[in-house]
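Here's a quick rundown of the pockets and the ligand site. Have the structure open while you read.

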Amino acid sequence: MAKTITLIPGDGIGPEVTEATLEVLGAAGADLEYDRQLAGMAALEEVRTPLPTETIDSIRRTGVALKGPLTTQLGSGFRSINVALRQEFDLYANVRPAKTLLPGGRYEEIDLVLIRENTEGLYVGVEHYIGVGGDPRAAAESVMIVTRFGAERIVRYAFEFARSNGRKKVTLAHKANILKYTQGLFLDVGNEVAKEYDDIEFEDRIIDATAMALVLDPYQFDVLVMENMFGDILSDLIAGLVGGLGFTPAGNIGTETAMFEAVHGSAPDIAGQGVANPTGLLLSACMLLDHVEQTETASRIRVALEETVVGNVCRTRDMGGTASTREFTRALVRALR
Ligand code: NAI
């Protein structure tokens, strides 16, 4: 029976890259059915809330969502709809692979996966101003929260991911030398969990040194795991190693629910022009297919993408080509074996 997933086309270029992705999924024979739902600006315009209950109910029902980028409107009552979705479904693991697709960049054959804790750290948003004298915003304070439970499940996820994907090494990046309690706890828990995985090499590194090492010699890394904000920053860094955000997919994984999305935003500067690169969302859909155990279909799409882009059969503008989204999509469909 076909797996039903929640589909949120999103804002800006979202609907364009979603249609392209659906066309490739259909041509590749993905056994999926789509429950289309609204979120973001599209939802605000139609039903006056950026995150309708119907959308949340659908995700709860299907357990799997493919989501286009959402524009977060200032003053909508949500800090970020993406953050709200992650919290609602406790999507604790943000999985961000960075694999070279377009040749001729700064590095060739990069193949890294960054696993970021998605629910704790500084991004819990516990912050406030402190007034001094006549200045109500004389200072601001933000709280970093790390729990043993949260640290343990993310580090364990990283090791399980490494094991089931044939990867050899896990690097835990932290700042325990300065943040001795929060980051110290994260590191201690990491060291404990690592003892259970003697088939996987383990190392810990200071986050700033990790950033430099990733730029100087990214090949020494394999799977990286870290707390929320460090992961947010370094996952963009590794996207840069493979040519930018247009090529990077992401999975947000919880125990009951998983949501897959491109890393890029709604790109208002090119929305509606038919020139967006659908690769980020398409690769996210491949991660979704892996998640619902349609791995063979995912592999065929990845091969078609590689043939099309590496062989320079067709490239969109951001890849240095001239193809429109539609032309690129048609080339991908032709490349499917
Ligand atoms: P952006 O990623 O939308 O755009 C940055 C630059 O990359 C732009 O020049 C854009 O044209 C280009 N770009 C992005 N995706 C592309 C694609 N698929 N093909 C070709 N070019 C592409 O980031 P920006 O401009 O900072 O954010 C725009 C909106 O998106 C904001 O409202 C932001 O909040 C939202 N956003 C949503 C995300 C999500 O839903 N996961 C993630 C990041 C931003």
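The second largest pocket comes in at about 500 Å³. Keep in mind that this is a predicted model. The largest pocket holds about 860 Å³ of space, and there's a ligand with 19 residues around it.

**Second largest pocket**
- Its lining runs to 28 residues, with N82, R86, R116, D232 and E261 nearest the centre.
- At least two lining residues each come from α4 (81–88), β4, α8 (228–241) and β12 (258–262).
- α4 chips in four residues, the largest share of this lining.
- By class, you get eight nonpolar, eleven polar and nine charged residues here.

**Largest pocket**
- With a volume of about 860 Å³, the largest pocket is lined by 28 residues, and P97, F161, M287, D290 and R302 sit closest to its centre.
- Two or more lining residues come from each of β4 (93–99), β5 (111–117), α5 (148–164), β11 (249–253), α9 (279–291) and α10 (295–310).
- The class split for this lining is 15 nonpolar, five polar and eight charged.

**Ligand site**
- Of the 19 residues around the ligand, L70, G265, A267, D269 and N277 are the closest.
- The shell is made up of eight nonpolar, seven polar and four charged residues.
- Two side chains have a polar atom by a ligand oxygen: D269 at 2.8 Å and K67 at 3.4 Å.
- On the nitrogen side, an N or O atom in the H264 side chain lies 3.3 Å from a ligand nitrogen.
- On its own the ligand has 810 Å² of accessible area, and the protein covers 64% of that.

Notes: Residues are numbered from 1 along each chain as its sequence is written. This is a predicted model: local features need pLDDT of at least 70, side-chain atom pairs count only at pLDDT 80 or more; totals for chains, interfaces and linings use all residues. Side-chain values use heavy atoms; hydrogens and water are left out. A residue is near a molecule or strand if one of its heavy atoms lies within 4 Å of it. A polar contact is a pair of N or O atoms within 3.5 Å; within protein, one must be able to donate a hydrogen and the other to accept it, and residues adjacent in sequence count only if both atoms are side-chain atoms. Accessible areas come from the Shrake-Rupley method with a 1.4 Å probe; for residues, only the protein chains shown count as cover. Ala, Val, Leu, Ile, Met, Phe, Trp, Tyr, Cys and Pro count as nonpolar, Asp, Glu, Lys and Arg as charged, and the others, Gly among them, as polar. On a 1 Å grid over the protein atoms alone, a cavity is a set of points where a 1.4 Å probe fits but cannot get out, and a pocket is an open set with protein on both sides within 12 Å along at least five of seven lines; lining residues have an atom within 4 Å of a point. Grid points are joined across faces, edges and corners, and a volume is the space filled by probe spheres set on the points.
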